[in-house]
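Q: I'd like a close look at the empty spaces in this one, cavities first and then anything open. Finish with the surroundings of the ligand, please.

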Amino acid sequence: MPQNQITVEFKHVSLRRPDKQSLTPNVYRNLVSDLNFNIYQGEALVLLGRSGSGKTTTMKLINRLLLPTQGEVLFNSIPTHKWDEIKLRRKIGYVIQETGLFPHFTVERNIGLVPSLEGWKPKQIKTRSHELLHLVGLEPGEFAQRYPHELSGGQKQRVGVARALAADPPMLLMDEPFGALDPITRLEIQQEFKRLQQELGKTVVFVTHDIQEAFILASRIGLMYQGELVVLDKAENFINSQHPEAQAFLQCLSH
Ligand SMILES: Nc1ncnc2c1ncn2[C@@H]1O[C@H](COP(=O)(O)OP(=O)(O)OP(=O)(O)O)[C@@H](O)[C@H]1O
Ligand SMILES: [Mg+2]
């Protein structure tokens with residue numbers, strides 16, 4: 001697997017927003033600070049961190065849902081502010097924390113959304129949707145024609161994953177996509193996803209606050225703490241990290 005080609009570069013990236021808690025005007029705070037790292041083609045980078053540490057913000061800086069207030073993010077060597085937003089997002093599948101399915105579209109139509117925007121033929125779209133439903137463990141005969149409100153939380157999440165994979169983008173951003181699954185299904189889908197990611201060679205950024213999940217999926221783990229990336233290392237080295245926040249997460253493994 002090619003490991004040295006850079007897909008995404010964060011160059012001293014910060015994102016500042018007015019601090020609404022402050023009583024004094026013009027006080028700002030950083031949601032993320034001085035992020036400076038690369039994401040390599042074909043790797044599975046897991047961003048680990050407690051709630052509010054900046055994981056989702058970091059993801060949104062990759063597909064230009066957010067722009068840095070300092071520094072720049074490059075995708076395929078081009079800064080995100082120079083990318084056409086639509087073209088960029090077609091290259092980057094995105095599974096959001098709240099699934100974001102369109103409520104008035106069936107499961108099949110939700111999954112086929114990007115392929116249909118790309119002009120695929122209806123028959124091709126149907127075949128692809130059904131193939132992906134199989135992949136995420138949902139029987140197409142039972143689920144393809146349902147609407148999102150007719151699904152459980154975990155089933156919605158799986159449709160979200162299928163939708164992100166539909167047009168076969170080279171990169172995937174996945175924001176806690178398996179959070180609503182029971183532990184058994186979760187382990188199954190984690191293992192299945194790991195196999196798939198290695199087989200397809202996709203570049204994946206995967207957000208979680210579950211260190212166990214991080215170890216199953218990651219080639220590298222990036223630990224976020226208060227808007228900073230405090231550790232970035234191979235999964236096997238992460239276990240030896242002395243950073244107090246890494247230690248706090250590692251404690252969770254022994255419980
Ligand atoms: N638009 C915004 N304006 C101001 N502050 C924001 C905005 N969006 C997020 N934040 C704050 O930025 C910080 C990082 O948020 P972010 O959503 O990146 O965290 P996270 O690590 O994804 O957390 P979680 O695990 O709970 O999803 C939080 O303190 C959050 O309250
Ligand atoms: Mg988040």
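A: A44, V46, F193, K194, Q197, V204, F206 and L217 line the second largest cavity. (A cavity is a set of points on a 1 Å grid over the protein atoms alone where a 1.4 Å probe fits but cannot get out, and lining residues have an atom within 4 Å of a point.) The model is predicted, so local features need pLDDT of at least 70 and side-chain atom pairs 80 or more, while totals for chains, interfaces and linings use all residues. Residues count from 1 along each chain as written, chains are lettered from A and ligands numbered from 1 in written order, and side-chain values use heavy atoms, without hydrogens or water.

The space in this second largest cavity comes to about 40 Å³ (the volume filled by probe spheres set on grid points joined across faces, edges and corners). Three elements each put two or more residues into its lining: β3 (44-49), α8 and β8 (203-208) (DSSP runs numbered from the N terminus, helices being H or I of at least four residues and strands E of at least two). Of these, α8 has the largest share, with three residues. By class, the lining splits into six nonpolar, one polar and one charged (Ala, Val, Leu, Ile, Met, Phe, Trp, Tyr, Cys and Pro are nonpolar, Asp, Glu, Lys and Arg charged, the others, Gly among them, polar).

Staying with α8 takes us to the other void, as the structure holds two cavities of 30 Å³ or more. The largest cavity has a volume of about 70 Å³, and its walls are L135, V136, V161, L165, F178, I189, E192, F193 and L196. F193 turns up here as well as in the lining of the second largest cavity. Again α8 (183-200) is prominent: together with α7 it belongs to the elements supplying at least two lining residues each, and its four residues are the largest share. This lining has eight nonpolar residues, one charged and no polar ones.

From α7 we can step over to the largest pocket, about 570 Å³ in volume. (A pocket is an open set of points with protein on both sides within 12 Å along at least five of seven lines.) Its lining runs to 21 residues, with R89, I92, Y94, V114 and R163 nearest the centre. Two or more residues come from each of α2 (85-91), β6 (92-95), α4 (113-117) and α7 (153-165), and α2 gives the largest share, four residues. In class terms, that is 13 nonpolar, four polar and four charged.

Finally, the ligand. R29, L31, R50, S51, G52, S53, G54, K55, T56, T57, Q97 and E176 sit around ligand 1 (each with a heavy atom within 4 Å of it). Here the mix is seven polar, four charged and one nonpolar. Several polar contacts (pairs of N or O atoms within 3.5 Å) go to oxygen atoms of ligand 1. The S51 side chain brings an N or O atom to 2.5 Å from a ligand oxygen, and T56 has a polar side-chain atom 2.8 Å from one. G54 uses its backbone instead, with an N or O atom at 3.0 Å. As for elements, β2 (28-40) and α1 (55-62) give two or more residues to this shell, and α1 has the largest share with three.

Terms used: Polar contact = N/O pair within 3.5 Å; in protein donor to acceptor, adjacent residues only side chain to side chain.
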